[in-house]
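Colleague: I am new to this structure and would like to understand the reasons behind the words used for it. Could you show it to me and then take my questions in turn?

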Amino acid sequence: MSDTGNARTSSDWYRMLANGRIGGPLSRQLGLPRPAQLRRYRPGQSLTDGPVRLATAGTGKLADHVLTLPEVDQVVEPDARLGALVLDATGLDTLHELSVAQELLGSGIRRLRPCGRVLVLAGTPEQAGDITAAAARQALDGLIRSVAKELRDGATANLVQVSTEAAPADTDSTVRFLLSARSAYVDGQVVRVGAAGSAGGASPDTDAGAPPHAGRVVVVTGSARGIGAAIAEVFARDGATVVCLDVPAQGEALAATANRIGGLALQLDITTPDAADRLSEYVTGRLGGVDVIVHNAGITRDKLLVNMDDARWNSVLAVNLRAQLELNAALLAPETPLRTGGRIVSVASTSGIAGNRGQTNYAASKAGVIGMVRALAPRAAGQGITVNAVAPGFIETEMTAAMPFGTREAGRRINSLHQGGEPVDVAETVAWLAEPGSGGVTGQVVRVCGQSLLGA
Ligand code: NAI
């Protein structure tokens, strides 16, 4: 039986209507989009909703390793309905092999179950042996992004580019995340995996069966409510001790979130001059250090640039970008509280990729975050620390609920899944990037946007 379902009741009236007994046939007849009920993670759930078929285009270098995942089977019945189709294209170097990939994907996609997964593993174009191979590898990028736009019923397609230095096991956390229900709203993305090196490894004080963040200390800024609260909840579910941080004005909501998940509440405005010192002292004194910092706190102060005053510009840049730069500098300083194998994950936005009318301050701050992540990742690698960003698209929060009806509806529908994401979708993506097993993923910006047309 399918275990598709949403953890909380969505406010998306159209999705409910289009999946109803009367609205369903009507929306089909009128050719309107039919947003599927997405399969989201529940404890005890199987990795995929149906068997995984593994196919190879060229001489796949990862197929043997992928087969060691317990859920993957090479000899799935030809007419079985698939939970996922994995294509190992790591040996794909010619246009003939590209055509083979196209055929394998075409035939497999017909057999996908609702909310199924298409996952292609390939080499990086830059490391190809010749120009044709580089072209063929890059061609997969366009192929997969288009497949993602053609899929129906909540299915997604993503591409993982694996560097030649990566060990097969370095891909595990990414493959599992993209196959699972945890990546429900991650679609049409290209993720790079390199060698984990000193950034890899298991959680401290844990055995193989323990949840991925057991024994780790995680700080989540702006976690009194919204996406930050969902991030704190997912880390707590996955075994972490979570420090929930927010401004004193949100003290009550902050305490409620921290109590709900058995975490700690730290009232702190991250823009105050001593914020970095206070956070460092807190985590060092109380918890002996920190393993993961999630820069989630963010604000909007929208105005067209011609009407933008200093206060709006400065406050957005201060919270969304300057505070992150200063906290990172303190956390990475000598005698750093951020431990070896640590993770920095920033919450950016698709506005920082595509730009948005009335949001010059916000988009500049979020694009700045992306610049920071890319520049910091190679510098932090020496300390075994990874630095990544997630860029959410339209997420169902108090902020988006307050939008005018037309703007909200447009925001919800202009993506391949024809619906907004849930805060938990961002949270699951952050938690994957922060996993001990994700040491090979750094300097990346992963969009959690259902393949939004904005900035596509
Ligand atoms: P929200 O407004 O519900 O939550 C943000 C939290 O940050 C609040 O609890 C707030 O008190 C806290 N905060 C603000 N300034 C702070 C400061 N100086 N120090 C400490 N905490 C501070 O917002 P939401 O929707 O949950 O957004 C979370 C993050 O996701 C933000 O960075 C936002 O830019 C980003 N995002 C949200 C999207 C959406 O559709 N909701 C889309 C793309 C990005």
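Modeller: Let me begin with one pair: Asp 93 forms a salt bridge with Arg 137, and their closest N and O atoms are 3.1 Å apart. This is a predicted model, in which local features need pLDDT of at least 70 and side-chain atom pairs count only at pLDDT 80 or more, while totals for chains, interfaces and linings use all residues. Residues are numbered from 1 along each chain as its sequence is written, and side-chain values use heavy atoms, with hydrogens and water left out.

Colleague: Why is the pair of Asp 93 and Arg 137 called a salt bridge?

Modeller: The term asks for a side-chain nitrogen of Lys or Arg within 4 Å of a carboxyl oxygen of Asp or Glu, and the N and O atoms of Asp 93 and Arg 137 are 3.1 Å apart, so the pair meets the rule. By this rule the count comes to 15 salt bridges.

Colleague: What makes Arg 137 count as buried or exposed?

Modeller: Buried means under 20% relative accessible area, exposed means over 50%, and partly exposed is in between, with a 1.4 Å probe and protein chains only. Arg 137 has 6% relative accessibility and therefore counts as buried, whereas Asp 93, with a relative accessible area of 26%, is partly exposed.

Colleague: Which parts does the pair of Arg 237 and Glu 428 tie together?

Modeller: The side chains of Arg 237 and Glu 428 meet in a salt bridge of 2.9 Å, N to O. Because Arg 237 lies in helix H7 and Glu 428 in helix H15 (residues 423–433), the pair ties together parts that are 191 residues apart in sequence; helices here are DSSP runs of H or I with at least four residues, and strands are runs of E with at least two, numbered from the N terminus. Glu 428 is buried at 3% relative accessibility, while Arg 237 is partly exposed at 32%.

Colleague: How do you know that Arg 339 and Asp 291 join separate stretches of the chain?

Modeller: Arg 339 forms a salt bridge with Asp 291, the closest N and O atoms being 2.8 Å apart. Arg 339 lies in strand S11 (residues 338–347) and Asp 291 in strand S10 (residues 290–295), so this pair ties together parts that are 48 residues apart in sequence. With a relative accessible area of 6%, Asp 291 is buried, and Arg 339, at 29%, is partly exposed.
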